[in-house]
4 protein chains.
Amino acid sequence: MRIKKEQIAEFNQKYENTVADELEQLGRALPGLEVSAIINKIAEFQVAIPSWALGAGGTRFGRFSFGGEPATLEQKLDDVGLLHALTQSAGAVSLHIPWDIPENYDELKQHAESHGILFDAMNSNTFQDQADAPVSYRNGSLNSNDPSVRSHAVEHNKEVIRIGEKLGSKSLTVWLADGSSFPGQLNFQKALRNTEKSLAEIYEAMPADWKLFIEYKPYEPNFYSTTIPDWGTSFALANACGERAYTLVDLGHHLPNTNIEQIVATLMMKGKLGGFHFNDSKYGDDDLTVGSIRPYALFLIFNELVYGMEHNTGNPHPAWMIDASHNIKDPLEDLIQSLEAILLAYAQALLVDRNSLEEAQQTYDVTACQEILQQAYRTDVRPLLRAARLQSGAAIHPLKYYRELGVREHLIRERGANSRASGL
Amino acid sequence: MRIKKEQIAEFNQKYENTVADELEQLGRALPGLEVSAIINKIAEFQVAIPSWALGAGGTRFGRFSFGGEPATLEQKLDDVGLLHALTQSAGAVSLHIPWDIPENYDELKQHAESHGILFDAMNSNTFQDQADAPVSYRNGSLNSNDPSVRSHAVEHNKEVIRIGEKLGSKSLTVWLADGSSFPGQLNFQKALRNTEKSLAEIYEAMPADWKLFIEYKPYEPNFYSTTIPDWGTSFALANACGERAYTLVDLGHHLPNTNIEQIVATLMMKGKLGGFHFNDSKYGDDDLTVGSIRPYALFLIFNELVYGMEHNTGNPHPAWMIDASHNIKDPLEDLIQSLEAILLAYAQALLVDRNSLEEAQQTYDVTACQEILQQAYRTDVRPLLRAARLQSGAAIHPLKYYRELGVREHLIRERGANSRASGL
Amino acid sequence: MRIKKEQIAEFNQKYENTVADELEQLGRALPGLEVSAIINKIAEFQVAIPSWALGAGGTRFGRFSFGGEPATLEQKLDDVGLLHALTQSAGAVSLHIPWDIPENYDELKQHAESHGILFDAMNSNTFQDQADAPVSYRNGSLNSNDPSVRSHAVEHNKEVIRIGEKLGSKSLTVWLADGSSFPGQLNFQKALRNTEKSLAEIYEAMPADWKLFIEYKPYEPNFYSTTIPDWGTSFALANACGERAYTLVDLGHHLPNTNIEQIVATLMMKGKLGGFHFNDSKYGDDDLTVGSIRPYALFLIFNELVYGMEHNTGNPHPAWMIDASHNIKDPLEDLIQSLEAILLAYAQALLVDRNSLEEAQQTYDVTACQEILQQAYRTDVRPLLRAARLQSGAAIHPLKYYRELGVREHLIRERGANSRASGL
Amino acid sequence: MRIKKEQIAEFNQKYENTVADELEQLGRALPGLEVSAIINKIAEFQVAIPSWALGAGGTRFGRFSFGGEPATLEQKLDDVGLLHALTQSAGAVSLHIPWDIPENYDELKQHAESHGILFDAMNSNTFQDQADAPVSYRNGSLNSNDPSVRSHAVEHNKEVIRIGEKLGSKSLTVWLADGSSFPGQLNFQKALRNTEKSLAEIYEAMPADWKLFIEYKPYEPNFYSTTIPDWGTSFALANACGERAYTLVDLGHHLPNTNIEQIVATLMMKGKLGGFHFNDSKYGDDDLTVGSIRPYALFLIFNELVYGMEHNTGNPHPAWMIDASHNIKDPLEDLIQSLEAILLAYAQALLVDRNSLEEAQQTYDVTACQEILQQAYRTDVRPLLRAARLQSGAAIHPLKYYRELGVREHLIRERGANSRASGL
C-alpha cells in the first residue's frame, strides 16, 4: 500500500484554512516569533525508524501479535514509506543485521528511494546467537576474554559496516548486552579493556566518512552489571577510539531519576553526542511511545539539544531515531504518536526566549528562568506542526488520516493477520 | 502591605480585551466546551497555604535568607492575604502548632477575615522537641512504647484541636517523623500498634464535625523505616480510627517511580482521600514548586481527582494545600507559580472528553486513550485561568503584577532584610 | 536419574567429623544457643520449587538453552526430586496451569510421592493467550470490563483449583499481569472493582480448606500501571474476599528502596501474610538467585518472619517458594544456591537474641540494637545447615555432590541437549 | 580523657586466649590462608575521621543533641584520639575549613601527634555563607558566572591548601553543592566550564606533592541538577586538571541501584580513584553507619578495591575517610561500628580466592564465581580483626571497652551536656 501525494493534498484541503487561522493567532500571541523559520526547522527534522519497530514487541512473559506486520525487508521499507508519506518526518530507516540482510542491494536502494527514505545508522547484533553460529554470545561478545568469541563479534560488526556501505549508510550503532547477572561473574577491568580493544578494531574498519555510535545501558538483559553502563564509560570508550566515535543516548537507558538533559549538555559541549534514541519510560527501559510519560523532561532535553546545535559547532548533527517497542498499540500508530511528541518538544524548545533566559540566569532570577521555559512549554505548538506538514506535503493530521484510510486493514488484507516481523 | 481590589481592577484593564479574544479562540477550537462552567470551577478552586511556607526554606547544609519574611503570625496571614488578593485562589491558611499559637483569637480571626482567609487543616508537630519539654521526641512520638512520650504527643495533638476549634478549623493533619534509622532499632509491630492507639485517642478527641488526615512518607528524617510509610498503612490506620479519618497524599512522599494517580484513584474509590499536599520533586521529598518537574504527572493526578470528585460521592472534597519549601526563590513568587501550575492541571483535567475516553477504554483503543488525554493536556488553558481570575477579581497576571507592585521590596522595607519566619 | 539415600550417606561420611567439630566450636562461641532446636527448625524448613524454574529462563532479548531440561511434567518432578534428595529442603512443587496439566493424576501423585514431594500452591496463568482460546488476555483478564474475558479468566482459575484438588494442593496463587502501559488506557477504579469481583468468585469456588494468595507487582509486563501494584491493594482485596484470602509477597515485586521487611511485619501483624516468593534483584524483578545481591536484606526479612511466626498466631504458616529465573546458570545449581541462602538467612534470624533486642529497643540503645542483629548475621551459620542436612539425610555439601555426581551430564544424556521445558 | 595503652592491654588480657583459639580454628577451616599476612594488612588499614563527624548530625527537620560533644578543634582531636586508641584504625583526621581553622599550628600538630594522628585530606566549604562574607554562595561557587563569586571560592580553596600545608596534609577534597533546583536556572555548559576553570586554578595552587580529590553527587542540597553529578563528570574534570587530580567516591552519592563497585573498578583501571568516603544508605545520601544497610555491597566494593590495589599500580593508595552523620547514635559509638564494618569487608575481600575466581570467570562457571565470593563473605572474619587489634595494641572489643570505660559519661562531665560541635 502506498499513499499518494494527491491523496494527502486532498485530505489537507479540509484543514488548510484552520491552519492558517491558528498560525495567525499564534503570531499575534507571540509577536517576536519568527514563525516561518521555526516552521522550516520543524519541516526539516527527520527521525529514523528502526526496521524492528514495525512489528509488535513483546516482553519475557509473552507477545500479542498485531495483524499485517511486515514479513520482509521490503515490507518494512513500505511501512516506513507509509509513515514518511503521512508525516514527512520519517525519511530514514535504521537496519538491524542479521534481521535485515538485503538480497539485492540495488533493488533495495531503489525501493527505499521510491519512498524517499535514506539508510541511517546500521545496527549490529551480538546479543543473540544465530543458528549454526560457531560461538555463542551467552557470556559476552565484544567484552569477551575468549579471542574466538571476541573476533567473531568484531567480524560481525565489520560485516554490518560492509552491508551499510553498499546501502549508503554512514554510521554504525553498537549496543552491547554484555555484562553479568551475578557478582563475581565478570572481571570488570578485563571486560572493559576487551571492549575498548574490540571497538577500536571496529572503528578502524570503518570508512573514513563513517561514525561509530556507542550506546550505554545500566541493566537488562544482564541484571547485575553492564560493561558500558553509563555515559561516562561510553564517553571514555569513544575518546579511546578516535574522533569519529561518539556516545549514543537512549532515553530509556538510565537509572531512576537521572538528569538526562544534563548528560546531553555535557556531551554536546564535549562534541561527543553522536546519536539519540527516543522513547519514554516510567520504570526502566520500558520503550513506550515518546512523550507518553514525561513530556516535560523531553522538552528539557530538546532545550539542551537546540542550545547545543546552535552553540556546539564541534558536535555533529545527532542521528535521531525512535527506539520503542509496540506491545499494545498498532506499531504505525505508535510511531505517528512518537513523531508528534518529538516535533512538539522540538517546537517548544525552539520557542524558548534564549536571550531572556540568559539574562535571568545571569541575575539569578530563578522564578523568571522557570517562567521562560514554561512559557514555551505551555504554548500550544500544534499549529506550527500542522503548518510544517502542510508545507512539506505531509498530512496535517497524520493519525486521523491513517485511520480514515484504513491503513492497518489494508495491510492485513495484503499480508495476512499472522504475518510476523523479524526482530524481538 | 495590602493590595486593593481597585488596584487589581486597574491592572487588569490592560489585559481584559486579550482575555476575551483568547477565550473566543479557545471556544472556536473546542466547540463542545462548556467554557463558563469550567471557568467557574477554576475560579472556585481554593488551595490552603501553610503558615511555614512563607519564609525561606533550607536543607541540612544551610539556609539562605530572603528579606521581608513574616516574623509574626499576623504577618504570615498578611502574606497569604497578598497571595489571595493577587490570585483569589489562596483563600485559606493552614497553621502549624507550636509555631503559630495565637495570642488573641478574636483579633486573629478578624485579621484573617479582613483578608478573606479561612483556617484550614491544623498541623501538629511531634518531630521536634520544644524548649523545656518534659519528654523528647528523639525516639518517636505517637509510635512510642514509652507511655509518657506517647501521651505527651497525644496531648499535644489534642491541644492543636482545641486551638483549631477556636479558629474555625475543621480538620487535623498528622504527619509523623516516627520511624527508625537503623535495622533493629524499632519493633515494627509495636510501633504500628502504638500509632494506631494514639491516633484513635486523637480521633476520639475531635469534635463531631472534624476530620483527621493521616499523612504517609517512606523516609526522611528517618532513613531506614517510617512507621507510616505508604498509603496502605495510612489507609489501614484510617479504617481503624473511624469514618472521619482519611489518608492524606503528599506528592513528594513516595518511592521512585510510584504511580501516584493510581493511589489517588484507589483512595477515592474507597472514600478515603481526605487531604492533598502539592509540590514537585525529582529525587525525593524535594518540595519544589508545583509543576516545575513533572507537570504531566500532575495532570494525570488531577485527571483522577476530577473523575473521583464526579463519581465518588462517598469521598469528601479533599483539603488542598501547597507543601513546598522555598530554598532559592522568593516564597511568594514560588507560591504564585505553584498556584498557576495547580490550576492549569485542574483546567486540563476538566477538558478531558470523558465520554470518548470511556468508549476508547471499552474498545481497547489505546492509541485513542492517549490522544484524548494529550488533546486536553496540549491545549493552552492559560486563557481559562485568566478569565477565571478576571471573574473573581484576581490579577490576570499575578506574578507580573506582584513584580510591578514591588511587593517584596515593600515587605523588606516594612519588616527588614533579616526578619525570619518561624518554621523549618 | 535418582540419587539414593545410601549414595548420600556415603558422600556425607567424609564430612561428618568436620560437621561435629564445627558445631562444637559454634556451641562454645555462643554458649546460650539451643543448637539442637535450631538445627531441627532448619531441617524442617521446606521450600516449594515452581515447575517452571527447572528450565533456562530468558529475557525479551533472547534465551540461551541449557541442556537436559525437563520436557515433561514427570521430568520436572524428577528434577525437584533430585533437589530434594540433595537438600531435603525442597519437598514440594508448585504447578503452573496450563503448562503442567496432568494426564494421569494417580500416576503423577505416586510419582511425586516416590520423591517425597507434595503439591504446594497451584498457579494460574491469565497473562498469556493459549492457542485456540476464544478470548485474549491482551487487554486484561480478571480486571476486564468485558464479561466474556473476565468469566473466561475466572473459569480458568476454577479449573486450576479442580486440578489442584485432585493433587492434594491446598492453595491457589493468583498473579495478574493486568494493568496498562499508557496513561488513560485503563479506568483504574473499574479495573480494581472488576478484579475484586473476580477474586471473590474464585474465592467462593475454593474448597473450605483452601487458601487464596494474591500477589502484587508494581510493573512489568505492563509499564504504566498494574491493577494490583502494592501490598496495600492486595491487602484490601484479601480483606474483601474473606478470611482465607491472603497477600503474597514476592521479593522482586517492589519499587526501588522499598523496606520489604516492614511490609512483612505489618502483614503478619494483620494475619494476612499467606505466601512468599524468594529471589533477589538489583534493579527490578530481576529474578536472580536468592541472596546473591542483598543477603542482609534477606536476613532482615527473615528476622521479621521469625518474629511473626512466634508472635502472630493468627497468621498461617506462610507458603514458601523460590521464584527465580535461571538465564545464565544451570537451573538446579541455581536452586541449590537459593536454598542455601534461604536457610542461612533463616538460621541467622533464629540466632537473634530477642530478649536483648527488646531491651535495647526499650531503652533506645540504637547502637546495641544494631550490634545484636549484626552479631547474628556475622556468625558463620553454615555449620548449622550442615548439621541439619546430616540429620535429615541430605548431602552435607549439596552443590559439591551435585557436581561430583555429574547430574547435569546425566540429564543431558537422558534427555538430550535440546530438550526444552515449558514455561517462560 | 585519654585511654592509656596499659588500660587497653589490661582489658585485652581477658580475651587473648579466645582470640588465639578462634584464629587457630579459622586457620584449620581455611588451610591455605596466609593468616598473618592478612592480619598485618588489617592492622595497617587506617581510615580518616572527619572533624565534623564527632558531634550529633541533623536533618532539615531538626537535630537532637548528644552530650559531651567536642566544642573546640582540640577536643575534636581528642575524640579522634580516643577512637584511635580503641581501634588503632583511625590514625588520621580530616579537617574542614572554616569550621576548623587552627589558632596555633605548632600546638595543634603536637596535640595530634600525642594521639598518633595525622592530618589527612583538607576539606573546603563553599556551600555555606560565612558571616560577613562579601559574596554569597547561594547561587553557586566554583561554577559561578560571576567572577567575584568564583574567585572568592577559588581563593577560599587556596587558603585551605595553605592551612593544610602547615599541618602536613597532602591533599584537598572539593565537594561542591553547586547546581540548580529548577529547570532553566543554570546554563549547564557554562556552569561546567566555570567549574573546570576554577578547579584548574586550585590545582595550580597546590604544592607539587599534593593531590586534588573531586567529589561528585547527583542531588542535595540542590534538587534538580548538580554541576558534578556523577563519576563521568568528575573523571573528565580530573583529566582536565592534571595528573594529580582524582575522582573521589562517596558511597552515598549515587542514584538508586547504581553499581558502585563497577565505578570503583573503572576508576582504578584508569588510575583515577583518589579518595573514598564510607557510609551507608537505603534511600539517598542518608549518611548511616557503614555496613548497616548493605554490607554485601560494601564487600563487593572492597573486592574491587583489593583487586585494584594489587593490579593498578598507576592508581595511588586511596585516601579513606568515614563520612557519616550521627543523628541518633553516640557519634563515637557510631564511628566504632563503622570502622568495624570497613575492616570486616576488607578482611572478607582479602579472603577471596582470586586464582579460583579468575579460573571460574574464564570458564564461564557463574555458579562457582558466586560460590567463591560467598565463601569469603560468609566466613566469620571477626577473629582476624581481633587478632589485628591485639597485635596493634587496640582494644580487642572496642565498643565493649568504650562502654565499660564510660567514655561518653566522662566527656559529658568534662564538656557539659550542651556542648556543641561546629559543623552541620
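What turn and what shift along the axis lay chain D on chain A? I looked this up first: a turn of 180° and a shift of 0.0 Å along the axis do it, with an RMSD of 0.0 Å. Copies are superposed by least squares on the C-alpha atoms of residues with pLDDT of at least 70 in both.

**Ground rules**

I note that this is a predicted model, in which local features need pLDDT of at least 70 and side-chain atom pairs count only at pLDDT 80 or more, while totals for chains, interfaces and linings use all residues. Residues are numbered from 1 along each chain as its sequence is written, and chains are lettered from A and ligands numbered from 1 in the order in which they are written.

**Chain A by itself**

I found 15 helices and 13 strands in chain A. Both are DSSP runs numbered from the N terminus: helices are H or I with at least four residues, strands are E with at least two. The C-alpha trace of chain A spans about 65 × 60 × 40 Å along its principal axes. I then checked the radius of gyration, taken over C-alpha atoms, against the globule rule of 2.2 Å times the number of residues to the power 0.38. For 424 residues a compact globule would be near 22 Å, and chain A agrees with its 22 Å.

**Chains D and A**

Gly232(D) is the residue of chain D that comes closest to the rotation axis, its C-alpha at 2.0 Å. Next I looked at the contact, where two residues count if their C-beta atoms, placed from the backbone, lie within 7 Å. Here 38 residues of chain D are in contact with 38 residues of chain A. On the chain D side, helices 6, 7, 8, 9, 11 and 12 each supply at least two residues. Helix 12 of chain D gives the largest share, 5 residues. That side of chain D divides into 19 nonpolar, 17 polar and 2 charged residues. My key for these classes: Ala, Val, Leu, Ile, Met, Phe, Trp, Tyr, Cys and Pro are nonpolar, Asp, Glu, Lys and Arg are charged, and the others, Gly among them, are polar. The copies meet through the same surface, because 100% of the interface residues of chain D are also interface residues in chain A.

**Chains B and A**

I superposed chain B on chain A too, and a rotation of 180° with 0.0 Å of shift along its axis gave RMSD 0.0 Å. That is the relation of a two-fold axis. In chain B, Asp380(B) has the C-alpha nearest the axis, 2.6 Å from it.

**Two helix pairs**

In chain D, I saw helix 3 (residues 73–87) pack on helix 10 (residues 331–351) at about 40°, with axes 11 Å apart. Axes are lines fitted to C-alpha atoms, for helices over the stretch in contact, and angles run from 0 to 180 degrees between N-to-C directions. The two helices are therefore oblique to each other; under 35 degrees is roughly parallel, over 145 roughly antiparallel, 65 to 115 roughly perpendicular, and the rest oblique. Among the residues that meet are Leu82(D) of helix 3 and Leu335(D) of helix 10.

In chain C, I found that the axes of helix 6 (residues 188–205) and helix 7 (residues 231–241) come within 9 Å and cross at roughly 45°. That makes this pair oblique. The contact includes Tyr203(C) of helix 6 and Cys241(C) of helix 7. Its residues divide into 6 nonpolar, 1 polar and 1 charged.
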